[in-house]
Amino acid sequence: MAFASGQAQVTYPSTDFAGLGDTFLVSHATNGLALYDFTLTGANYSWDFSSLQANTQETISYVDPATTGFKTTWCFLNGYFFNCNSQFSNAFNLASPVSDGLELQGYGLTDLTAHYKVTSSSLQAKMLGANITVNDLTVPLTVDYSDADEIYDFPITYNTTFTHTAAFTLDLNSFGVPLQYASASTRTNVVEGWGSLVTPYATFTNVLKMKTTLVTDYTITTTTGTTPVSRTTVTYKWFDPSKGIPVLEVTGDLVNDVWIPTDITYIDNPQCLDPVALFGYFPVTPTIDATTQSAVVSFINASVNFDQYSWQLPDGTTSSAQTPEFTFDCPGTYDVTLTITNTFCDPDLTDTLTLPVVVTDPDNVYTNEVLVEGNVLTAVRSIPGTTYQWFICDGEVIPDATSNTLTVPGSGSYSVQLTTNGCVSMSDCYTPQLGVDEVNRSKWTLSPNPATNQFTVSGAPDDLEIAIYDVAGKKVASGTDVSRLAPGLYLVVLRSAAGSEVVKLVKQ
């Protein structure tokens, strides 16, 4: 709704924008967007959006950049070893958390924080900081804009237009992640209206209305190639000098020259809104690492309408961290529960979400395979600290059979229980083949041994299959070519219709 007003236009200088320690509670409204025409504008207008209904709320905060945890990393990457404090202070004087966590092509970033430089003439986004978890280790990273994103030119006054470009590249290859994200954008701000504004929160008698058109071209490069994407968003913002951020923002995408509003944000009072528990985790497909025999998973709280929360982790402990990490020592399926509470309501309102986390073992680190060699069974898994207990497959335990090999006491089927890092699993049942075949198989030998590039198997049948495992039980090669293997001790598993055998091989 828009109608004429009798107010005088105002000016919004940089001193009116948010400063250190400022926080703003904002509501989001996503319903009923089609009921309003947010494009109406001009001089001496009044906009009435008092009937908006909040769906969710969040707090926007502005903090000292030196407290975000990314100063040391930024100085190191830029070579500021002896003048870090001064260089960092000159570059940034305001910061704001952007997201608790996000997923980018299957990889996760947490504590994403924008770092700004505010001057009397502009607000520039100059650096992004985040934490990334790779190979069970969480480390900070910083990304400088190669072309700073000038978000506002100050002072903001009616009937002015500014256009600026911005660019940055996030390259994770140095962290062992084959991913690069490059962004180039053009931002155009047009201060196209002034007047008064009514929202569910308050009536603002002196506002300026800005239209921001942001055209972003970005590319995502992975091992499978480069994917280019282009997006145009249009945002309408209303500024009041009494508030450090726009008192109302309406954002939408421009698709085929048609603007589609998707979200409204406005400064508001606390509301009793139903809490909705939601969380995610990354990596999205947790896998056991062959070196550490574990998988580290980070959890991201994406809930809305809450002020208290608690995590119930698989080991029975609880956590109050916003983005907790948990180390899974065993493959399997585990439940993680998040409980959130909105204490502004009377009585308190809570919501709970439980999600299964499936931890896989694609490298077969915790292999349960057993090799059969005549009347001798050998558990392939040889991770240090692993314990073994052999059973007859009717469930009867074999006393004192606690090594990785078992010379079977007689005919029948046998299995082994393996315990590593507290992970307990049972192998399939195996029935040894006793008799003359065992004698024949014992004549298989490798030559040369030690080997440098290639070896041969004496007396090998036509259907012989060859697999090579390292001492941790991980399959590293097939066939007789060992030229690419590191020097060390390996187990060569020989299989044919007649049976199987394990032979030690030394790679020089």
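I began with the largest nonpolar core, a set of buried Ala, Val, Leu, Ile, Met, Phe, Trp, Tyr and Cys residues joined through side-chain atoms within 4.5 Å, where buried means under 20% relative accessible area with a 1.4 Å probe and protein chains only; of its 59 residues, Phe 17, Phe 49, Tyr 152, Ile 156, Leu 197, Trp 238 and Ile 264 touch the most other members. The model is predicted, and I kept in view that local features need pLDDT of at least 70 and side-chain atom pairs pLDDT 80 or more, while totals for chains, interfaces and linings use all residues. Residues are numbered from 1 along each chain as its sequence is written, and side-chain values use heavy atoms, without hydrogens and water.

I noted that β7 gives the most to this core, with 6 residues; strands are DSSP runs of E, at least two residues long, and helices runs of H or I, at least four, numbered from the N terminus. Apart from this core I found another of 21 residues, including Ala 277 and Phe 328.

I then looked up Leu 197, which, leaving aside neighbours within four places in sequence, is in contact (heavy atoms within 4.5 Å) with residues including Trp 47, Phe 49, Trp 238 and Leu 248.

In helix α1 (residues 71–78) I found Thr 73, Trp 74 and Cys 75 buried, under a cover that includes α2, β7 and β8. Gly 79 follows α1 with a positive phi, near 80°.

Last, I traced an open antiparallel sheet of 4 strands in the order β18-β17-β20-β21, pairing being counted if DSSP finds at least two bridges between two strands. I listed β18 and β21 as its edge strands, and 5 bridges joining β17 to β20.

Technical notes. Buried means under 20% relative accessible area, exposed over 50%, partly exposed in between (1.4 Å probe, protein chains only).
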